[in-house]
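Q: Please take a close look at a single part of this model, and explain it carefully enough for a first-year student to follow.

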Amino acid sequence: MALSINVSDKVLAGLNQSYTITSDSGEPAGQVAVGGVELAHRIIPLGPPKDTESCTPLDYKYKVTFFLPPDTAGQQLELKFAAGESEAAENHEVIPE
């Protein structure tokens with residue numbers, strides 16, 4: 001079972017963020033936080049990948065979207081998601097725009 005979060009190289013403060021989550025264990029749930037403060041976010045189902053030959057039938061993609069306030073620069077963005085028995089976590093420094 002696998003769950004992964006695709007985060008860009010630069011996480012910029014003051015912008016809307018959108019990252020792809022791939023899961024073969026169903027729709028993920030979790031939290032997005034900066035400096036220990038949880039941010040409101042949405043998880044949007046995208047469906048199966050376009051290259052369906054290289055994945056299992058349940059290997060679906062989702063998009064997590066949220067806004068990073070401008071005053072979060074210099075803090076750590078924490079993404080923690082789980083689906084079924086799979087878990088994924090990412091930590092990235094937020095940089096000024």
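A: The answer below sets the scene briefly and then follows one sheet through its strands and some of its residues.

This is a predicted model, in which local features need pLDDT of at least 70 and side-chain atom pairs count only at pLDDT 80 or more, while totals for chains, interfaces and linings use all residues. Residues are numbered from 1 along each chain as its sequence is written, and side-chain values use heavy atoms, with hydrogens and water left out.

The mean pLDDT (the predictor's confidence in each residue, from 0 to 100) is 90 for the protein, and 89% of its residues reach 70 or more. Zero helices and nine strands are found in the protein (helices are DSSP runs of H or I with at least four residues, strands are runs of E with at least two, and both are numbered from the N terminus), and the pattern read along the sequence is β-β-β-β-β-β-β-β-β.

The part to look at closely is an open sheet of four strands, whose order is E1-E3-E7-E6 and whose pairing is antiparallel; two strands pair if DSSP finds at least two bridges between them. At the edges stand strand E1 (3-6) and strand E6 (41-47), each with a single partner strand, so one side of each has no neighbour in the sheet. From one strand to the next, the twist averages 25°, an angle taken between the N-to-C directions of lines fitted to C-alpha atoms, on a scale from 0 to 180 degrees.

Begin with the edge strand E6, which is joined to strand E7 (residues 60-67) by six bridges in the antiparallel sense. Across this pairing, isoleucine 44 stands opposite lysine 63 in E7. Arginine 42 also has its place in strand E6, and at 53% relative accessibility it counts as exposed (exposed means over 50% relative accessible area, buried under 20% and partly exposed in between, with a 1.4 Å probe and protein chains only). Leaving aside residues up to four places away in sequence, arginine 42 touches Lys63, Val64 and Thr65, where a contact means heavy atoms within 4.5 Å. Computed along the chain, so to speak, arginine 42 and lysine 63 are 21 residues apart, whereas their C-alpha atoms are 7.9 Å apart in space. As for confidence, E6 has the lowest mean pLDDT among the elements of the protein, at 93, and strand E4 (residues 29-34) has the highest, at 97.

Turn next to E3 and E7, which stand beside each other in the order of the sheet. The structure holds one aromatic pair, formed by tyrosine 19 and phenylalanine 66, which is tilted, with 5.9 Å from centre to centre and 55° between the planes. Tyrosine 19 lies in strand E3 and phenylalanine 66 in strand E7, so the pair ties together parts that are 47 residues apart in sequence. Rings of Phe, Tyr and Trp (its six-membered ring) pair if their centres lie within 6.5 Å, and planes under 30 degrees apart count as stacked, over 60 as edge-to-face and the rest as tilted. Tyrosine 19 counts as buried at 3% relative accessibility, and phenylalanine 66 counts as buried at 4%. Serine 23, which is also found in strand E3 (residues 16-23), is buried too, with a relative accessible area of 0%.

For the wider setting, 32% of the 97 residues of the protein count as buried, and among contacts between residues at least 6 apart in sequence, 61% join residues at least 24 apart.
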